[in-house]
Amino acid sequence: IMKKSDAAIIAPKDVFLGPADAPVTVVEFADYESEAAVAAHLAVKQLLLQYEGKLRFSFRHFPLRRIHQEAQKAAEAAVAAAQEGKFWEMHEMLLQNRRALGTISLRSYAKEVGVQNKRFLDELINGTYAWSVQDDLDEGLRMGVSQIPTFFINGEKLEGLITAESLRQKIEAALA
C-alpha cells in the first residue's frame, strides 16, 4: 500500500517557470481536459515572454473529476514527468492532446517528451502520484477555487473568462 510519503516526490507547488525572485507570482489551477485552460495557457505563454524575468509561474492540478474523467490520471502523468524535470514538456503535450488522455496515450506522451522511467505505466495505474494531485486540489479548495482555470496573481484571485488582457491588467497592478 502506498503511503503518502513513500519517497520524496517533487510536488507541483515546487515546480516553476521564471526566476525565484520574480516580483510577480502567477499560480493557475486547472485540469488538462479544460478547453478554457488551453486558451489560458496561450495567454500565459505570451505574458511569460512579455514580462520575462518579472514573472514566476506555477501550474496546480484541479481535476474536475465528475465531468473530466481523464483529468486525474493526466495530472498524475504530469507529476510523474516532473520527477525527471520534464513537467513543462509534458504539460504542453497534455494540453495539446486534451481529447486523448487515456492511460496508454499518457505513456506514449511521456516517452515522446523523454521520460525514462520504465515503471511509468505501473505507477500511473497504481496511483503513485495521486496524493500530489489531491494535495493541489485540497489547496485549491482552501483558496476558494470553484471553477477552472482560476489564477492567483500575487495571491489575488482571478476567475471567470481569463484573457491575456485580464491577466496583464492584474500583473501590471501587481508590478505597480
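Here are three short exercises on the structure above, each with a worked solution.

This is a predicted model, so local features need pLDDT of at least 70 and side-chain atom pairs count only at pLDDT 80 or more, while totals for chains, interfaces and linings use all residues. Residues are numbered from 1 along each chain as its sequence is written, and side-chain values use heavy atoms, with hydrogens and water left out.

**Exercise 1: the sheet**

Work out the strand order of the open sheet, and find which strands stand at the edges.

*Solution.* Start with what a strand is: a DSSP run of E with at least two residues, numbered from the N terminus (helices are runs of H or I with at least four). Two strands pair if DSSP finds at least two bridges between them.

Step 1. Strand S1 (residues 24-30) and S3 are antiparallel and joined by four bridges; here Phe29 sits opposite Thr150.

Step 2. S3 also runs antiparallel to strand S4 (residues 156-158), with three bridges. Phe152 has Lys157 as its bridge partner, and Ile153 faces Glu156.

Step 3. Put together, the four strands go S2-S1-S3-S4, with mixed pairing. S2 and S4 each have a single partner strand, so one side of each has no neighbour in the sheet.

One extra detail: in the S3 and S4 hairpin, two residues lie between the strands, and Asn154 takes a positive phi near 45°.

**Exercise 2: two faces of a strand**

Decide which residues of S3 (residues 150-153) lie on each side, and whether they are buried or exposed.

*Solution.* Step 1. In a regular strand the side chains alternate between the two faces of the sheet.

Step 2. Thr150 and Phe152 are on one side, Phe151 and Ile153 on the other.

Step 3. Buried means under 20% relative accessible area, exposed over 50%, and partly exposed in between (1.4 Å probe, protein chains only). All four of these residues are buried, which leaves both faces of S3 covered.

**Exercise 3: into the core**

Find the residues that touch the most other members of the largest nonpolar core, then follow Leu167.

*Solution.* Step 1. A nonpolar core is a set of buried Ala, Val, Leu, Ile, Met, Phe, Trp, Tyr and Cys residues joined through side-chain atoms within 4.5 Å.

Step 2. This core has 53 residues, and Tyr32, Met90, Leu94, Phe151 and Leu167 touch the most other members. Helix H2 (residues 71-82) gives the most, with eight residues.

Step 3. Beyond its neighbours within four places in sequence, Leu167 is in contact (heavy atoms within 4.5 Å) with residues including Ala43, Leu47, Phe151 and Ile162.
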